[in-house]
Amino acid sequence: MRIRTAGALVTSPWVLSDHFFNPAETAENRHGAILKDDVCRDSCFHFDLWFYFTLQNWVLDFGRPIAMIVLPLEWFPLNRPSVGDYFHMAYNVITPFILLKLMERSPKALPRSMVYLCIIIFVMGASIHLVGDSVNHRLIFSGYQLHLSVRENPIIRNLKPETLIDSFELLYYYDEHLGHSMWYIPFFLILCIYFSGCFIPCKEQQPRIPVAALLLIGPSSLYYWYLVTEGQIFTLFIFTTFALVALVMHQKRKGLVMDSNGRFLFYSFILTLGLVALWIGWLWNDQILRKKYPGIIYVPEPWAFYTLHLRNLPSTEAESF
């Protein structure tokens with residue numbers, strides 16, 4: 001409805017309201033043009049986003065404890081944020097931004113409310129983990145051993161009063177349980193939501209996965225291996241992988257196949273599953289790690305393996321000479 005006033009054409013505010021607050025119309029306007037484009041455009045591999053995503057995962061997540069060990073302790077006093085904490089802060093900002101950009105490029109209209117809620121919980125969980133992990137890594141400089149439980153650590157079990165031990169166990173719970181759950185559950189849920197939009201109509205021959213995607217599958221899978229083992233989220237990861245497989249089978253019945261982005265994500269998860277299986281098989285008979293990780297699901301943490309077998313290795317070799 002348009003109203004002519006003083007020679008000008010004015011759009012009625014009710015029409016504007018309907019235009020901006022109609023979810024169906026908004027989704028159609030934002031995604032309709034993409035859905036009508038050629039299939040090749042839909043299946044274009046987002047090399048820039050996947051490359052930045054993999055790079056920042058390696059540098060800011062895997063690299064932060066290494067940076068804390070390598071850089072001189074005098075540069076970052078124990079009562080101040082370390083370089084690893086700054087890495088973690090950057091990760092908490094860059095990762096959700098890249099995930100949102102991936103969602104924007106999906107050829108399918110995805111549930112935005114679910115995506116936003118997952119991003120909010122993800123940032124909160126990663127922030128909780130930042131504080132717990134920061135204190136935890138400072139304890140390593142005081143002799144804390146990651147392959148032992150909180151109460152079994154020599155620097156913890158002799159604390160007085162004993163209620164201080166409960167406080168450290170609470171910190172461990174925030175770090176390894178609550179923080180990881182609020183961090184990784186929405187993380188993998190976002191990847192599943194994105195994967196649901198990575199399907200295109202089946203042609204005579206499924207398009208080949210780009211060389212750029214093949215080059216990124218290895219580093220991406222290796223990072224997911226670290227994420228699953230160090231984060232102790234094997235159960236969550238295996239259920240996510242089963243969900244991806246089920247989604248592929250469901251879409252195949254509808255005549256849809258994975259595009260290059262979907263295949264990259266799917267193959268990365270499958271390769272990660274193989275790497276985790278090899279890791280478990282290699283350390284299957286390690287009795288010390290078995291004691292820390294009891295139960296049916298036995299997935300040792302890489303940093304626990306480091307403090308147990310590799311941390312004192314140079315000094316031991318020096319003494320042997």
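These exercises work through annotated segments, a helix pair and the empty spaces of one predicted model.

Residues are numbered from 1 along each chain as its sequence is written. In this predicted model local features need pLDDT of at least 70, side-chain atom pairs count only at pLDDT 80 or more, and totals for chains, interfaces and linings use all residues, while side-chain values use heavy atoms, without hydrogens and water.

**Exercise 1. Check two annotated segments against the model.**

Step 1. Start from the record. The unreviewed UniProt entry places "transmembrane region" at residues 114-132, 183-202, 209-227, 233-252 and 264-284. Such annotations may be inferred rather than shown by experiment; positions follow the numbering used here, and feature names are shortened.

Step 2. Take residues 114-132. The chain there is 100% helix and 0% strand, with end C-alpha atoms 27 Å apart. Helices (H or I, at least four residues) and strands (E, at least two) are DSSP runs, numbered from the N terminus.

Step 3. Take residues 233-252. Here the chain is 95% helix and 0% strand, and 29 Å separates the end C-alpha atoms.

**Exercise 2. How do H5 and H8 pack?**

Step 1. Helix H5 spans residues 83-104. Helix H8 spans 163-195.

Step 2. Their axes lie 10 Å apart, at an angle of about 20 degrees. H5 is therefore roughly parallel to H8 (angles under 35 degrees count as roughly parallel). Axes are lines fitted to C-alpha atoms, for helices over the stretch in contact, and angles run from 0 to 180 degrees between N-to-C directions.

**Exercise 3. Describe the largest pocket.**

Step 1. Fix the term. On a 1 Å grid over the protein atoms alone, a pocket is an open set of points with protein on both sides within 12 Å along at least five of seven lines; a cavity is a set where a 1.4 Å probe fits but cannot get out; lining residues have an atom within 4 Å of a point.

Step 2. Give its volume, the space filled by probe spheres set on the points. The largest pocket has about 340 Å³.

Step 3. List the lining. It has 15 residues, with Glu176, His177, His180, Gly231 and Gln232 nearest the centre of the pocket. H8 gives the largest share, 7 residues.

**Exercise 4. Describe the largest cavity.**

Step 1. Count. There are 3 cavities of 30 Å³ or more.

Step 2. The largest cavity has a volume of about 250 Å³.

Step 3. Its lining has 23 residues; Asp133, His137, Glu176, Glu230 and Glu301 lie nearest the centre. H4 (47-70), H6 (112-141), H8 and H9 (211-230) each supply at least two lining residues.

Definitions and conventions: Angles under 35 degrees count as roughly parallel, over 145 as roughly antiparallel, 65 to 115 as roughly perpendicular and the rest as oblique.
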